[in-house]
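This report describes a strand arrangement and a group of ring contacts. The sequence and the structure are shown first.

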Amino acid sequence: MSASSVDTETSLRTSMHRLARLNVRVVKGPDAGLEHVFDEAIRIGSKVLAGFKLTDGKVSGLHCELAIARGGVTLRDLDSKNGTWVGTLRVKEAVLPPGTLFSIGDSQLSVEAVAPLTEVPLAEADSFHGLVGGSLSMRRLISQVERLSGSASTVLVQGESGTGKERVAEALHDGGPRADRPLVVVDCGALPANLIEAELFGHERGAFTGAVAARAGAFERAHGGTLFLDEVGELPLELQPRLLRALESRTVQRLGADRRTPVDVRVVAATHRDLQLEVSKGRFREDLYFRLAVVVLTVPPLRERLDDVPLLARHLLEELGADPHSVMTPAALQSALAYQWPGNVRELRNALERAVALMQPLSLSTSQPGSPVLERSVGAFREAKQAAIDAFERDYLTRVLEEAGGNVSEAARRAGLDRMSMHRALSRHALNPRKGQR
């Protein structure tokens with residue numbers, strides 16, 4: 001099969017998108033002859049979470065992933081115990097020509113193209129209740145959100161930090177019959193573990209020290225509307241059974257109460273984590289994952305839809321009440337389209353807001369976090385390397401503090417550092433813990 005036949009066939013202003021379909025087949029091993037047709041991507045392993053389940057005892061629960069890519073098929077190992085092999089080479093990630101044999105456990109597999117192509121609908125508009133994008137990936141997502149907004153199905157939104165997962169939740173709510181009811185947001189990653197339970201389910205007076213009055217939890221406050229559980233992957237393992245029961249029974253019990261209260265809520269959850277891998281590693285309950293992942297939506301990173309940058313910039317600048325032409329000059333647009341935006345749409349918005357505040361065109365110079373270019377005079381290698389490390393640390397610390405709302409303990413937890421190490425790093429870069437700015 002040629003590379004062009006693997007690529008998705010597209011027409012930017014049609015209402016349908018044609019996806020290539022592939023067939024993965026076990027050539028040798030305990031499951032020899034077993035095969036499965038898929039489009040876009042599939043995970044192979046020995047657990048029920050895997051899209052292609054094998055009985056090979058040497059295959060990990062989630063062993064590897066196949067995904068359609070330009071020029072072939074991307075094979076990615078998912079931290080398996082025994083590795084993923086192409087010939088005698090153990091690979092972490094590789095793009096394979098169709099027909100290449102690879103091995104996992106005692107099994108050997110191949111992947112080939114099949115026909116006909118799958119057709120999926122695309123939104124004709126490039127926006128839906130604040131969700132903006134004209135690229136194929138975003139028009140497909142917008143089409144999915146449009147269709148789901150009228151239902152009460154639980155939705156799991158996946159994507160990197162800053163991609164706009166909360167915008168998806170807002171569009172699902174605002175575009176549906178619950179729009180005139182509350183949209184309640186709970187950030188499971190920002191709240192201390194001992195407060196999450198009370199925030200979700202509420203408490204009665206005297207339920208714990210400091211509970212001087214009864215308070216309804218997020219489920220009750222969202223009654224008739226939508227509950228958005230942001231960063232649900234951060235929910236402590238010990239609290240996950242309570243969330244599962246609430247989702248299954250549609251009732252909640254306040255802390256200190258002796259009865260359960262019925263609730264009518266549409267639940268939308270979001271995470272930047274790979275919850276399937278979290279399940280396979282025992283850090284997230286499998287039954288809760290399946291309860292949340294009734295429908296799964298994936299928000300693409302900005303670097304994979306750079307053609308959306310002009311549209312997004314215009315939309316964000318309108319929200320900021322600024323003149324798009326004064327900020328997004330031709331030179332600014334050119335640099336923005338050449339940048340990979342590791343902070344995604346959040347980083348774009350911050351850069352635009354900074355430009356508006358300074359009353360100047362968008363600039364991606366080295367004095368700003370996430371710069372795509374080096375200073376013209378780079379100096380000696382050692383000094384240039386240290387300068388790059390310092391810039392990365394300052395950018396990383398700034399963003400992790402912003403995401404943690406200025407909470408140093410939470411920022412340290414997200415960064416995998418102890419509190420004292422985080423304080424030393426902040427002091428080294430003269431960063432204000434409450435604002436993440438110098």
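## The open sheet

In this predicted model, 5 strands form an open sheet with parallel pairing, in the order β15-β18-β21-β14-β22. The edges are taken by β15 (183-187) and β22 (295-298). Each of these has a single partner strand, so one side of each is left without a neighbour in the sheet. On average, and with direction ignored, neighbouring strands of this sheet are turned by 20° against each other.

## The pairing of β15 and β18

At one edge, β15 pairs with strand β18 (residues 226-230) in the parallel sense, over 5 bridges. Within this pairing, valine 184 has leucine 227 in β18 as its bridge partner.

## Aromatic pairs

The count of aromatic pairs in the model is 3. One of them is formed by phenylalanine 201 and phenylalanine 219. The two rings are stacked, with 5.8 Å from centre to centre and 10° between the planes. Phenylalanine 201 belongs to helix α4 (residues 193-201) and phenylalanine 219 to helix α5 (residues 218-221), so the pair ties together parts that are 18 residues apart in sequence.

## Surroundings of the stacked pair

Are the two residues of this pair buried or exposed? Phenylalanine 201 has 2% relative accessibility and counts as buried, because the cut-off for buried is under 20%. Phenylalanine 219 is also buried, with a relative accessible area of 1%.

Phenylalanine 201 has a further contact, with arginine 242. The charged end of arginine 242 sits over the ring of phenylalanine 201, at 4.3 Å from the ring centre.

Note on methods. Residues numbered from 1 in each chain as written. Predicted model: local features only at pLDDT ≥ 70, side-chain atom pairs only at ≥ 80, totals over all residues. Heavy atoms only, no water. Phe/Tyr/Trp six-rings, centres within 6.5 Å; stacked < 30°, edge-to-face > 60°. Helix = DSSP H or I, 4+ residues; strand = E, 2+ residues; numbered from the N terminus. Buried < 20%, exposed > 50% of the residue type's maximum accessible area, 1.4 Å probe, protein only. Lys NZ or Arg CZ within 6 Å of the ring centre and 35° of its normal. Pairing = 2+ DSSP bridges. Axes fitted to C-alpha atoms, helices over the stretch in contact; angles between N-to-C directions.
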